Amino acid sequence: MPLLTIQPSGKTIEAAEGTSLLDALLAAGEKIVSKCGGNAKCGQCHVFVQEGRKTISKMTRVENEMLDTIIGVGSKSRLACQAMFGTEPVTVEVLSFV
Ligand code: FES
């Protein structure tokens, strides 16, 4: 299983291929908000994918449209609920302010 490294905590866990970043982050004990239940409607699960962007699932139009509404979005931005693990390691920076 690919490894997920979480910043800034530095935690590393294994995540199965096809698992969403959101589910993996919650399983790791990260306090990440998901008010819409993982439906790309709240934008609260915004993270920066620092490494491994090519291995996670491609961005859908729905995710892209939601990201367009969020302040502070950059080229590494993803909605954790919409990004699924592939087969390579991934490093994610959690921005949650909870
Ligand atoms: S959990 Fe709401 S957009 Fe991801």
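**Group meeting: sheet and loops of a predicted model**

Good morning. I begin with Ser75, which counts as exposed because 7 C-beta neighbours lie inside 10 Å, and the cut-off for exposed is 12 or fewer. Please keep in mind that what we are looking at is a predicted model. Ser75 is placed in the loop between helix H2, residues 61–67, and strand E4. Relative to Lys41, Ser75 is 34 residues away in sequence, and the two C-alpha atoms are 20 Å apart in space.

Let me move from that loop to the sheet. In general, the strands of a sheet pair through backbone hydrogen bonds, in either the parallel or the antiparallel sense. Here 5 strands form an open sheet with mixed pairing, and their order is E2-E1-E5-E3-E4. The edges are taken by E2 and E4; each has a single partner strand, so one side of each is left without a neighbour in the sheet. On average, neighbouring strands of this sheet are turned by 35 degrees against each other, direction ignored.

I now take the pairings in turn. Strand E4, residues 77–79, pairs with strand E3, residues 46–51, in the antiparallel sense over 3 bridges. Within that pairing, Phe48 has Ser77 of E4 as its bridge partner. E3 is also joined to strand E5, residues 90–94, by 4 bridges, and these two strands run antiparallel. Glu51 stands opposite Thr91 in E5.

Which way do E1 and E5 run, parallel or antiparallel? They run parallel, and 4 bridges join them. Thr91 appears here again, since Thr5 stands opposite Thr91 in E5. Thr91 of E5 is thus faced by Glu51 and by Thr5.

Two backbone features deserve attention. As a general background, most residues other than glycine have a negative phi, and most peptide bonds are trans. The peptide bond from Gln7 to Pro8, however, is cis, with omega near 5 degrees. Pro8 is found in the loop between strand E1, residues 3–7, and strand E2, residues 12–14.

The second feature is at Ala40, a residue other than glycine whose phi is positive, near 60 degrees. Ala40 is located in the loop between helix H1, residues 21–27, and E3. Is Ala40 buried, partly exposed or exposed? Ala40 counts as partly exposed because it has 18 C-beta neighbours inside 10 Å, while buried requires 20 or more and exposed 12 or fewer.

That concludes my presentation. Thank you for your attention.

Conventions: Residues numbered from 1 in each chain as written. Predicted model: local features only at pLDDT ≥ 70, side-chain atom pairs only at ≥ 80, totals over all residues. Pairing = 2+ DSSP bridges. Axes fitted to C-alpha atoms, helices over the stretch in contact; angles between N-to-C directions.
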